[in-house]
Amino acid sequence: MTETTHRTTAIILAAGLGTRMKSRLPKALHRLGNQPMINHLITTARQVFDDVVVVTGPDMPELEEAVRPFRTVTQIERLGTAHAANAARDLFGDGDIAVLYADNPLITAETMERLLAARREGASLALLGMRPAVPGRYGRIVEDSGKVVKIVEFKDATEDERSITLCNAGVMCAGAENFRNWLENVRNDNAQGEYYLTDVVEMAAKAGSVICVEAPEDELAGVNSRSELARAEATLQTRLRNAAMDAGVTLVAPETIFFSTDTVLESDVTVEPNVFFGPGVTVRSGALIRAYSHLEGCEVGEAALIGPYARLRPGTVCAAQTHVGNFVELKNVELGEGVKANHLTYLGDASVGRGTNVGAGTITCNYDGVFKHRTIIGERVFVGSDAILVAPVTIGDDALVAAGSVITDDVPAGDLALGRTRQTLKAGRGLQIKQSLKARKEQG
């Protein structure tokens with residue numbers, strides 16, 4: 001956060017419909033790291049600026065909801081970027097103003113700080129530029145003797161101007177009073193008939209100096225299509241993987257692991273290949289997440305072993321030293337310390353006490369078609385393979401549930417529960433049935 005007497009404000013332009021996305025969802029709400037693009041930008045901007053204001057388009061209630069509690073204003077007509085910025089002029093405050101774009105979600109706090117510093121070093125306006133490998137249709141930054149003179153949009157550029165490699169990222173910063181005055185004087189006499197924010201640069205250059213702060217392309221490249229969204233996701237995932245490894249996490253095959261923005265992995269966690277972390281996951285120190293596991297909305301305790309091929313769904317908390325093995329699915333479950341569920345099991349809406357072992361094929365039947373019900377399993381319980389626990393049901397401490405049982409009533413502590421019919425043998429009948437079936441098959 002800045003320490004000046006005047007409050008700094010970030011104005012985020014987010015009224016774009018995302019036509020090239022071919023989506024009914026506003027462009028700013030498309031997700032990166034399981035979070036809307038605009039929320040990435042807001043989170044970063046809050047590290048640098050005192051206030052954040054979001055400019056939305058008409059009929060975008062879901063966008064306004066996503067950015068709460070930050071203030072919003074509406075650009076009624078989409079007449080260009082300067083027109084959008086002007087919609088927020090009454091909320092500029094009295095300090096420096098930075099205009100950001102919701103479709104530039106990966107700008108770092110460090111770059112925003114450099115932009116603000118450049119402005120405070122005496123520039124009438126500071127802007128961000130980049131040198132992309134393929135400049136394409138980006139606006140070009142025109143300089144004269146090392147000073148920025150203007151920005152020309154690709155559609156309006158001459159061939160010489162299109163050969164310039166320094167491209168406009170759109171982001172700029174200036175004093176509030178100057179910005180208001182410049183916005184009033186922007187005209188729409190261009191190929192698109194729109195009010196370009198880039199026209200402010202030429203006005204600022206005449207009033208003083210304009211400084212271009214360069215940053216990497218992968219930080220500043222815009223997201224206007226599904227392919228560009230995928231590229232931005234790849235950039236974000238690389239950042240998240242590197243941050244995890246820098247924090248002491250072992251990623252066996254980093255390129256195969258996918259994080260959410262809010263994933264928390266403590267030091268000495270190990271993650272094997274092809275693991276997906278959905279929103280809201282915390283993994284404590286020393287845990288091992290084995291290959292092909294999927295975690296979302298859950299917490300994994302210290303030295304726990306998860307997977308391979310495990311699925312942890314929202315509401316699940318696995319205490320220290322728990323083992324959740326292959327093809328085990330947990331939903332809204334609390335596993336006490338040292339609990340083991342190693343094979344082919346579904347536990348939903350359940351609490352399992354410490355030291356309990358859950359055998360292969362166990363199912364908690366938690367849904368009756370209308371309501372969800374809870375299963376409570378005590379400490380040091382042994383649940384045999386292929387047990388079906390029909391909730392609501394409670395199994396006391398030190399109880400034993402025999403394999404293949406269907407449990408519909410509570411089991412007191414220390415008891416043995418058998419919920420299966422007595423085995424019946426019919427001499428020779430098995431062979432007779434097999435021979436009969438084989439004969440029918442041969443007869444066609």
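Reader: Is D268 buried or exposed, and what is its relative accessible area?
Author: This is a predicted model, in which local features need pLDDT of at least 70 and side-chain atom pairs count only at pLDDT 80 or more, while totals for chains, interfaces and linings use all residues. Residues are numbered from 1 along each chain as its sequence is written, and side-chain values use heavy atoms, with hydrogens and water left out. A residue is called buried under 20% relative accessible area, exposed over 50% and partly exposed in between, with a 1.4 Å probe and protein chains only. D268 is therefore exposed, its relative accessible area being 55%.

Reader: Where does D268 lie, and what is its phi?
Author: D268 is placed in the loop between β13 (264-265) and β14 (270-271), where strands (E, at least two residues) and helices (H or I, at least four residues) are DSSP runs numbered from the N terminus. Most residues other than glycine have a negative phi. D268, which is not a glycine, has a positive phi, near 70°.

Reader: Which tyrosine also has a positive phi, although it is not a glycine?
Author: The residue sits in the loop between β17 (288-289) and β18 (294-295). Its relative accessible area is 45%, so it counts as partly exposed. With a phi of about 65°, the residue is Y292.

Reader: Y292 belongs to a nonpolar patch on the surface; how much accessible area do the members of that patch have together?
Author: A patch is made of residues with over 30% relative accessible area and no salt bridge, like charges being joined within 9 Å and nonpolar side chains (Val, Leu, Ile, Met, Phe, Trp, Tyr) within 5 Å; a salt bridge is a side-chain nitrogen of Lys or Arg within 4 Å of a carboxyl oxygen of Asp or Glu. One member, F327, lies in the loop between β23 (323-326) and β24 (329-335), and F327 is partly exposed because its relative accessibility is 47%. Accessible areas come from the Shrake-Rupley method with a 1.4 Å probe, and for residues only the protein chains shown count as cover. Together, Y292, Y309, F327 and L344 have about 440 Å².

Reader: Which prolines follow a cis peptide bond, given one that starts at G307 and another that starts at A391?
Author: Most peptide bonds are trans. The bond from G307 is cis, with omega near 5°, and its proline is found in the loop between β20 (305-306) and β21 (311-312). The bond from A391 is also cis, with omega about 5°, and its proline lies in the loop between β31 (388-390) and β32 (393-395). The two residues are P308 and P392.

Reader: S124 is a serine in a loop; which backbone oxygens lie by the polar atoms of its side chain?
Author: S124 is located between α4 (109-120) and β7 (125-130), and it counts as buried because its relative accessible area is 10%. A polar contact is a pair of N or O atoms within 3.5 Å; within protein, one must be able to donate a hydrogen and the other to accept it, and residues adjacent in sequence count only if both atoms are side-chain atoms. Contact in general means heavy atoms within 4.5 Å, and, not counting residues up to four places away in sequence, S124 touches residues including R119, C173, W182 and V210. The backbone oxygens, at 3.0 Å and 2.8 Å respectively, belong to A204 and S209.

Reader: How many residues does the largest nonpolar core have, and which strand gives the largest share?
Author: A nonpolar core is a set of buried Ala, Val, Leu, Ile, Met, Phe, Trp, Tyr and Cys residues joined through side-chain atoms within 4.5 Å. The largest one has 67 residues, and those with the most contacts inside it include I12, I38, L127 and F179. Its largest share, six residues, comes from residues 167-175, strand β10.

Reader: How many residues does the second, separate core have?
Author: Among its members are V271 and V358. L389 and A399 also belong to this core, whose residues number 54.

Reader: How far apart in space are E113 and V48, C-alpha to C-alpha?
Author: E113 lies in helix α4 and counts as partly exposed because its relative accessibility is 36%. Leaving aside residues up to four places away in sequence, E113 touches Q47 and V48. E113 and V48 are 65 residues apart in sequence, and their separation in space is 6.4 Å.
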